[in-house]
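I opened this notebook to keep a record of what I looked up, entry by entry. The topics are the fold, a pocket, a surface patch and the charged pairs.

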Amino acid sequence: MRAWLAAAEHRPLLRLWAEAYARSLVEPGGPWAGFARATVDDWLDVLAACRPRPERDGPEGAVRRTLALAVLRGALLDLLATDDEQRITAAVYRHLEMLRRDGSDGA
């Protein structure tokens with residue numbers, strides 16, 4: 001997932017996503033209404049599908065997925081703003097290391 005998000009050829013599509021996400025937030029009744037919320041729900045579903053059922057069904061699983069999504073979304077926005085793939089990739093990997101040390105491996 002991280003490699004796809006970081007791929008330079010996907011940046012135009014990801015910039016369009018960022019614009020639609022932001023418009024959904026600032027124009028909640030506009031043509032992008034609900035897009036941001038639907039995006040969050042879609043990603044949380046994808047992340048849940050990566051986990052065994054006991055981990056995905058409990059409240060702790062929802063917290064871990066939310067944290068993973070927040071880190072990926074923040075890293076993506078940072079990447080779109082700076083194109084600093086090396087720094088951002090290192091930060092995402094560091095976050096994964098911290099999760100592993102804490103007894104979790106991400107989503």
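In which helix does Gly-61 lie? I found Gly-61 in helix 5, where helices (H or I, at least four residues) and strands (E, at least two) are DSSP runs, numbered from the N terminus.

**Entry 1: source and conventions**

I note that this is a predicted model, in which local features need pLDDT of at least 70 and side-chain atom pairs count only at pLDDT 80 or more, while totals for chains, interfaces and linings use all residues. Residues are numbered from 1 along each chain as its sequence is written, and side-chain values use heavy atoms, with hydrogens and water left out.

**Entry 2: the chain as a whole**

I looked up the elements and found six helices and zero strands in the chain, which run α-α-α-α-α-α from the N terminus on. The C-alpha atoms fill a box of roughly 40 × 35 × 20 Å, taken along the principal axes. Of the 107 residues in the chain, 32% are buried; buried means under 20% relative accessible area, exposed means over 50%, and partly exposed lies in between (1.4 Å probe, protein chains only).

**Entry 3: two neighbours in helix 5**

I went back to Gly-61 to ask whether this residue is buried or exposed. Gly-61 counts as buried because its relative accessibility is 2%. Its C-alpha atom is 7.8 Å from that of Ala-48, and the two residues are 13 apart in sequence. Ala-62 is also found in helix 5, but Ala-62 is partly exposed, with a relative accessible area of 32%. From the C-alpha atom of Ala-62 to that of Phe-35, 27 residues apart along the chain, the separation is 20 Å.

**Entry 4: the second largest pocket**

I then turned to the second largest pocket, with a volume of about 240 Å³. On a 1 Å grid over the protein atoms alone, a pocket is an open set of points where a 1.4 Å probe fits, with protein on both sides within 12 Å along at least five of seven lines, and lining residues have an atom within 4 Å of a point. The volume is the space filled by probe spheres set on the points, which are joined across faces, edges and corners.

Which residues lie nearest the centre of this pocket? Of the 18 residues that line the second largest pocket, these are Leu-14, Trp-17, Thr-39, Trp-43 and Leu-76. Helix 1 (2-6), helix 2, helix 3 (35-49) and helix 5 (59-82) each supply at least two residues of the lining, and helix 2 gives the most, with six residues. By class, I recorded 16 nonpolar, one polar and one charged residues in the lining; Ala, Val, Leu, Ile, Met, Phe, Trp, Tyr, Cys and Pro count as nonpolar, Asp, Glu, Lys and Arg as charged, and the others, Gly among them, as polar.

**Entry 5: a nonpolar surface patch**

I noted a nonpolar surface patch of about 310 Å², made by Trp-4, Leu-13 and Leu-16. Patches are made of residues with over 30% relative accessible area and no salt bridge, with like charges joined within 9 Å and nonpolar side chains (Val, Leu, Ile, Met, Phe, Trp, Tyr) within 5 Å; the areas come from the Shrake-Rupley method with a 1.4 Å probe, and for residues only the protein chains shown count as cover. Leu-13 lies in helix 2 (residues 11-26) and is partly exposed, with a relative accessible area of 49%.

**Entry 6: salt bridges**

How many salt bridges does a search of the whole structure find? The search finds nine, a salt bridge being a side-chain nitrogen of Lys or Arg within 4 Å of a carboxyl oxygen of Asp or Glu. Side chains of opposite charge can pair when their charged atoms come close.

The side chains of Arg-15 and Asp-83 meet in one such salt bridge (3.7 Å, N to O). This pair links distant parts of the chain, with Arg-15 in helix 2 and Asp-83 in the loop between helix 5 and helix 6 (85-101), 68 residues apart. Arg-15 counts as partly exposed at 36% relative accessibility, and Asp-83 counts as partly exposed at 45%. Asp-83 also has a phi near 60°, a positive value in a residue other than glycine.

Arg-87, partly exposed at 40% relative accessibility, meets Asp-78 in a salt bridge (2.9 Å, N to O) and Asp-84 in another (3.1 Å, N to O). Asp-78 counts as partly exposed at 26%, and Asp-84 counts as partly exposed at 30%. I also recorded that salt bridges that share partners join Arg-11, Arg-15, Asp-83 and Glu-85 into one network.
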